[in-house]
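I set out to record one helix packing and the nonpolar interior of this model. The entries follow the order in which I looked things up.

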Amino acid sequence: MNGDRVRLSPYPKWDPYRNTYYCSIVRTTDAVRETLYFTCTKLFAEQLQRIRQLKSSLIPGYELVPELPLADAANEAEPHRTGRMSARSIRKAARYLMIAGLLALLCIQVKDNWLANSADALKRDMGELKAAATTESTKADLPQSIGSLPIRVEPVPVVKNIAEVQQETAPPQETAPPPPAEEYKEYEVVEIGAEQPFFGLPKGYVSLTFDDGPSPYTKKIVDILTNRKLAATFMFIGQNVEHNREAVAYASEHGMAIGNHSWDHSSKLTKASPAEQAANLARTSKLLESITDTPVTLFRPPYGLINKSLISSAGGQQLKLLMWNRDPEDWNADRKEDILNYFHKVSASGGVYVLHEDRLTVEALPEIIGYLKEKNLKFAILK
């Protein structure tokens, strides 16, 4: 593809509403990431599973994640879908119906070295960052080595540069006892670079980010974090902020980092004119700043869709692009165990997790934090 990278996801998924499998191809350039979805046969899915099994036999230390036999996928996909549909089921049905319509019209075109943009087919599905996208696959998606990014780490309250952060990732040595509990916060502030989209942290660090708020769950999430002397990065949607100003203020007052997730979470933002993009971002930042009295410096594009025009629009407002490299797909979970299983399957070190303000996420959050603390990772909020 003329120097571009095209990656086939090794993890097909089952669509219970169309009774078929589907998979994705991810195309990455220096500034653009596109996901193309397509239906596939059971045989295709089985071949991908054999490839993963082969990888586990060839790579030392690689552990294959246990999974259900593909033949049982249709039977196991929706074991509890009987009687009246729940609100979550209705939302999922709507998503899959949208996928069905788009996949029926799907075609692959090559024009000016671009794949047809079909990211509208599935909300928040970043197939290239799926559960098995370990640190190895994440590195393949990055424009350059994350170690060379201009990251400055600012602990609370000591200021550190990137050399000190990298030194901290070396084998642990004896350290001085922590400061008194009343002054101690178990997280650090990481200021990311503005030169390119930011995907992941150095080894030894982990960050929790929450998209699509504020919502009725915002305060609950903040309380869970605060009670454990932690903080997270919240990416708020402008339209939601209008109806939940108190939640934004509450998050800011408790030390959470707050960023811009666009005004309306539109998947068409990359297709808008530069003037429309700039107005969308500026409107959201202005509203957030009027509530928090703090400059907004982070922008996360809806669905992770970016192009050169959107990068330029964000840069013109001094907004740094915050992406992610771990996606538990909590918005699509049926049980909190589905979310927790993801955390146990992937390497957590260096992870920037994209989570959402959802009931099951709130239920799983205390256990998520407990698991990450057991790994002796340093929590970070991003600015």
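**Helix pair α11 and α12**

I looked up the geometry of helix α11 (residues 336-345) against helix α12 (residues 359-374): their axes come within 9 Å and cross at roughly 25°. I therefore entered α11 as roughly parallel to α12, the cut-off for that class being angles under 35 degrees. I noted the model as predicted. The crossing of α11 and α12 is right-handed.

I then listed the residues in contact. Helix α11 contributes Lys336, Ile339, Leu340, Phe343 and His344, and helix α12 contributes Leu360, Thr361, Glu363, Ala364, Glu367, Ile368, Tyr371 and Leu372. By class, the contact of α11 with α12 comprises 8 nonpolar, 2 polar and 3 charged residues.

**Nonpolar cores**

I asked which residues touch the most other members of the largest nonpolar core. Of its 57 residues, these are Leu208, Phe210, Leu225, Phe234, Phe343, Tyr353 and Leu372. Helix α12 supplies the largest share of this core, 8 residues. Apart from it I found another core, of 13 residues, including Ile192, Phe198, Leu322 and Val352.

**Phe234 and Leu225**

I located Phe234 in strand β8 (residues 233-236). Is Phe234 buried or exposed? Its relative accessible area is 0%, so I entered Phe234 as buried. Not counting residues up to four places away in sequence, Phe234 touches ten listed partners, among them Phe210, Leu225, Met256 and Glu357. The C-alpha atoms of Phe234 and Pro214 are separated by 8.4 Å, with the two residues 20 apart along the chain.

For Leu225, with the sequence neighbours up to four places away again left out, I recorded contacts including Phe210, Phe234, Met256 and Ile369.

Notes: Residues are numbered from 1 along each chain as its sequence is written. This is a predicted model: local features need pLDDT of at least 70, side-chain atom pairs count only at pLDDT 80 or more; totals for chains, interfaces and linings use all residues. Side-chain values use heavy atoms; hydrogens and water are left out. Axes are lines fitted to C-alpha atoms, for helices over the stretch in contact, and angles run from 0 to 180 degrees between N-to-C directions. Helices (H or I, at least four residues) and strands (E, at least two) are DSSP runs, numbered from the N terminus. Angles under 35 degrees count as roughly parallel, over 145 as roughly antiparallel, 65 to 115 as roughly perpendicular and the rest as oblique. A crossing is left-handed if the near helix is turned anticlockwise from the far one by less than a right angle, and right-handed if clockwise. Contact means heavy atoms within 4.5 Å. Ala, Val, Leu, Ile, Met, Phe, Trp, Tyr, Cys and Pro count as nonpolar, Asp, Glu, Lys and Arg as charged, and the others, Gly among them, as polar. Buried means under 20% relative accessible area, exposed over 50%, partly exposed in between (1.4 Å probe, protein chains only). A nonpolar core is a set of buried Ala, Val, Leu, Ile, Met, Phe, Trp, Tyr and Cys residues joined through side-chain atoms within 4.5 Å.
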